[in-house]
Amino acid sequence: MTVKTLTTLGPAHRRTQFSYSGTVERGVVLNMAGKPRIDSRVFSEALQHFAGKTVSGGFQEDHPRPGGFGEWLNHHKPGARYGSFVAAILCAEAGVRHSLKGNAVLLHFPDAADPAPAPSSPVAIDRARLAARAESYEPDIVRFLRDLIAIPAESCQEGPVVQRIRQEMEKVGFDEIRIDPMGNILGRIGSGKTVIMMDSHTDTVGVGDPKEWAWDPYQGKVEDGYIYGRGACDQRAGMASLVYAAKLIKDLDLAGDYTLWVVGSVQEEDCDGLCWLYILKEDGIRPDCVVITEPSRLRIYRGHRGRMEIEVHLRGKSCHASAPERGDNPIYKASRLVQEVEKLNERLRHDPFLGKGTIAVTEIRSLSPSLCAVPGACSIHLDRRLTAGETKESAVAEVKALPGAEGAEVEVLMYETPSYTGLRYPMEKYYPTWVLEESHPLAQASVATYRALWDRQPVVDKWTFSTNGVGSMGLMGVPSIGFGPGEEDVAHSVVERVPIRHLVEAAQFYAAFPLTYTAMVKQGNG
């Protein structure tokens with residue numbers, strides 16, 4: 001074992017410049033006596049977050065670099081009292097001076113005698129020229145994103161935002177633009193052999209209680225390098241970057257033997273994956289890969305847990321509530337079953353990469369002729385998150401086997417709400433787990449693109465939430481991967497935002513990726 005040290009640095013080290021990378025295996029908190037500036041609970045949460053993950057980040061000129069422990073502290077514990085501690089540094093290089101006086105975490109990293117060589121791009125891309133051109137588009141990208149944020153468009157109401165996307169696609173010069181019968185917008189660049197599709201869903205969740213917001217959620221407030229508003233990162237940012245990636249391809253002659261389809265999909269927030277079932281079954285396009293632009297903090301995400309929506313229906317016997325003994329109250333049965341669901345959650349399967357499967361009761365409803373009557377039926381809604389190795393069949397069987405579920409009807413729900421065009425395309429609310437292997441050419445091409453653009457190794461991880469990947473790869477088997485601007489943990493929140501820097505860098509990635517992927521696929525095919 002090689003022992004490395006992760007330590008926070010105080011004022012004496014404020015001009016340190018340092019970068020690091022490693023896989024966190026385990027860690028313990030050390031030297032927390034005296035007056036710690038960051039408490040052990042915060043460190044414990046961070047260790048849980050980073051366990052088993054590749055950590056890569058650093059510290060430069062008073063600010064932690066993206067992707068590391070210091071950024072996590074700043075983002076997840078805003079307003080916490082850190083005093084003079086401004087960053088967390090992994091001392092993974094010989095000759096780095098550090099001190100264990102104060103707050104520190106000891107991390108153990110497995111030795112890697114023969115690490116696999118990092119993939120490199122087989123094509124030469126002038127990254128300085130690409131970055132400069134992308135930077136020049138920043139005002140247009142920001143304006144376009146703010147326009148998109150200003151258009152409320154929850155699921156099944158996406159028509160106006162789709163039309164705004166069409167206008168911008170026409171402006172930058174897409175070769176073909178079409179809107180399919182479901183209402184998805186598809187813009188094409190090129191007409192080569194390799195077919196690449198990049199997805200950004202066009203719907204958002206609602207705003208909830210407007211009083212929770214400190215600003216107008218549809219204003220697209222710009223402040224301190226961020227754009228704020230509903231849909232800022234989930235998921236209008238991806239579309240803004242994609243459209244201007246297409247412009248980069250056109251302006252810098254980055255076309256090749258590929259066809260790129262930029263997809264603005266619908267109804268993802270209501271029924272993730274449904275739009276991709278339609279696109280892949282009905283639109284006549286079969287891509288070689290799909291890139292999902294959900295917020296990933298510019299990390300490469302290669303999967304996530306699946307999910308499903310289950311309802312358990314319990315029957316009883318209704319009667320007047322003044323004499324409850326004459327009936328059979330299904331709410332009492334449901335209360336016992338709810339306790340068993342809570343116990344089931346504790347023993348569900350765990351996967352080293354995806355994490356643990358979960359089950360939660362999210363709604364209980366009863367059916368009664370009156371509030372003065374014992375109800376005759378009661379239903380429990382279950383949110384089930386599926387890790388690797390868990391299936392629809394196994395999840396249903398687990399619920400049916402619970403004490404108290406005898407005689408209950410266990411149902412996997414259907415989604416049948418029509419799209420904004422009026423098209424109805426029913427789908428079972430089962431969204432399978434999907435994971436792309438790290439050795440897959442799509443994953444390798446994504447890493448190679450990142451390295452070619454920024455000369456460093458990307459963080460490769462997974463989402464916590466669910467995406468359209470459940471449709472493209474989970475149900476339809478098309479290799480899929482994720483890379484998107486924004487932070488997953490502010491999605492659906494009243495502080496939803498996206499860094500403007502992410503928008504520009506994501507556009508660079510989307511513009512460079514097709515050439516790299518196409519070349520690596522050709523290499524693999526001999």
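Visitor: Which residues does His350 touch, and what makes that a contact?

Guide: Leaving out residues up to four places away in sequence, His350 touches Gly355 and Lys356. These count because contact means heavy atoms within 4.5 Å. Please keep in mind that this is a predicted model, where local features need pLDDT of at least 70, side-chain atom pairs count only at pLDDT 80 or more, and totals for chains, interfaces and linings use all residues. Residues are numbered from 1 along each chain as its sequence is written, and side-chain values use heavy atoms, with hydrogens and water left out.

Visitor: Is His350 called buried or exposed, and why?

Guide: Its relative accessible area is 54%. Buried means under 20%, exposed over 50%, and partly exposed in between (1.4 Å probe, protein chains only), so His350 is exposed.

Visitor: Why is the stretch that holds His350 called a strand?

Guide: His350 sits in strand 19, residues 350–351. Helices (H or I, at least four residues) and strands (E, at least two) are DSSP runs numbered from the N terminus, so residues 350–351 qualify as a strand. In the chain, there are 12 helices and 31 strands.

Visitor: How do you know that strand 11 and strand 12 pair?

Guide: They share 3 bridges in the antiparallel sense. Two strands pair if DSSP finds at least two bridges between them, so this pair passes. Val222 stands opposite Ile227 in strand 12.

Visitor: What makes the sheet with these strands open-edged, and where are its edges?

Guide: The open sheet has 3 strands in the order 11-12-31, with antiparallel pairing. Strand 11 (221–223) and strand 31 (497–499) stand at the edges, each with a single partner strand, so one side of each lacks a neighbour in the sheet.

Visitor: How do you know what span to expect for helix 8?

Guide: The expected span is 1.5 Å times one less than the number of residues. Helix 8 (residues 330–346) has 17 residues, which gives an expected 24 Å, and the model reaches 25 Å from first C-alpha to last, close to that value.

Visitor: Which residues of helix 8 are buried, and what makes them a face?

Guide: The buried ones are Pro330, Ala334, Leu337, Glu340, Val341, Leu344 and Asn345. Seen down the helix axis, they fall within an arc of 145° (taken from the directions from the axis to the C-beta atoms), so they line one face of helix 8. An α-helix has 3.6 residues a turn, so residues three or four places apart point the same way. The face turned away from the buried side carries the exposed residues Tyr332, Glu342 and Glu346.
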